[in-house]
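Here are a few exercises to work through with the model open. Try each task yourself before reading its solution.

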Amino acid sequence: MIRGKILDILTDICGTDEIERNPDLELFKNGLLDSFGIIELFVAIHEQLDIEVAPTEMEREEWDTANKIIAYLEERRA
């Protein structure tokens, strides 16, 4: 459930389905996600998954691919 939602959210925010084909794609390095996009991501995670993430929790290295974001959120939910 988390995987599908996050891939859908990132596809919408980043404007490309490349993320679904390659969830290890580096989002920041490839210019797909910026600080505004991160805020959109936090809001969407809260609204769609009922998981609240504070910006201070985010380490850029832990959130630089879809797979890392999914792993982080799955661990928080466990």
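**Exercise 1. Place asparagine 67 in the fold and find its partners.**

Start with the secondary structure: asparagine 67 sits in helix H4 of this predicted model. Next, look at what its side chain does. There is a polar contact with the side chain of aspartate 24, at 2.9 Å. Finally, widen the search to other contacts, skipping residues up to four places away in sequence: asparagine 67 touches Arg3, Pro23 and Asp24.

**Exercise 2. Decide whether leucine 25 is buried or exposed, and list what it touches.**

First locate the residue: leucine 25 is in the loop between H2 and H3. Then check accessibility. Its relative value is 14%, and buried means under 20%, so leucine 25 counts as buried. Now for the contacts. Leaving out residues up to four places away in sequence, leucine 25 touches Glu18, Ile19, Asn30, Leu32, Asp64, Thr65 and Ala66. Pick threonine 65 from that list and compare sequence with space: leucine 25 and threonine 65 are 40 residues apart along the chain, yet their C-alpha atoms are separated by 5.6 Å.

**Exercise 3. Check the length of H1, then work out which of its residues are buried and what they pack against.**

Take the length first. H1 has 13 residues, and at 1.5 Å a residue it should span 18 Å; the C-alpha atoms at its ends are 18 Å apart, so the two agree. Next come the buried positions: Ile2, Ile6, Leu7, Ile9, Leu10, Thr11 and Cys14. These buried residues pack against helix H2 (18–21), H3 and H4. Last, step past the end of the helix: glycine 15 follows H1, and its phi is positive, near 75°.

**Exercise 4. Zoom in on threonine 11 and describe its surroundings.**

Threonine 11 belongs to helix H1, which covers residues 2–14. Its relative accessible area is 15%, and the cut-off for buried is under 20%, so threonine 11 is buried. With neighbours within four places in sequence set aside, threonine 11 is in contact with Thr16, Asp17, Ile19 and Glu20. For glutamate 20 you can add some detail: its side chain makes a polar contact with the side chain of threonine 11, at 3.2 Å.

**Exercise 5. Find the aromatic pairs and say how they are connected.**

Searching the whole structure gives 2 aromatic pairs. One of them joins phenylalanine 42 and tryptophan 63, with 5.5 Å between centres and 85° between planes, which makes it edge-to-face. Phenylalanine 42 lies in helix H3 (residues 35–49) and tryptophan 63 in the loop between H3 and helix H4 (66–77), so this pair ties together parts that are 21 residues apart in sequence. Both residues, phenylalanine 42 and tryptophan 63, are buried.

Now turn to tryptophan 63 and tyrosine 72. Their ring centres are 5.3 Å apart and their planes are at 55°, so this pair is tilted. Tryptophan 63 and tyrosine 72 are both buried. Put the pieces together: ring pairs link Phe42, Trp63 and Tyr72 into a cluster.

For a final ring, go to phenylalanine 28: arginine 60 lies over its face, at 4.1 Å from the ring centre.

**Exercise 6. How confident is the prediction along the protein chain?**

Begin with the overall figure: the mean pLDDT is 94, and 100% of residues in the protein chain reach 70 or more. Then compare elements: confidence is lowest in H4, at a mean of 94, and highest in H1, at 97.

Terms used:
Residues numbered from 1 in each chain as written. Predicted model: local features only at pLDDT ≥ 70, side-chain atom pairs only at ≥ 80, totals over all residues. Heavy atoms only, no water. Helix = DSSP H or I, 4+ residues; strand = E, 2+ residues; numbered from the N terminus. Buried < 20%, exposed > 50% of the residue type's maximum accessible area, 1.4 Å probe, protein only. Polar contact = N/O pair within 3.5 Å; in protein donor to acceptor, adjacent residues only side chain to side chain. Contact = heavy atoms within 4.5 Å. Phe/Tyr/Trp six-rings, centres within 6.5 Å; stacked < 30°, edge-to-face > 60°. Lys NZ or Arg CZ within 6 Å of the ring centre and 35° of its normal. pLDDT = per-residue confidence, 0-100. Expected span 1.5 Å × (residues − 1).
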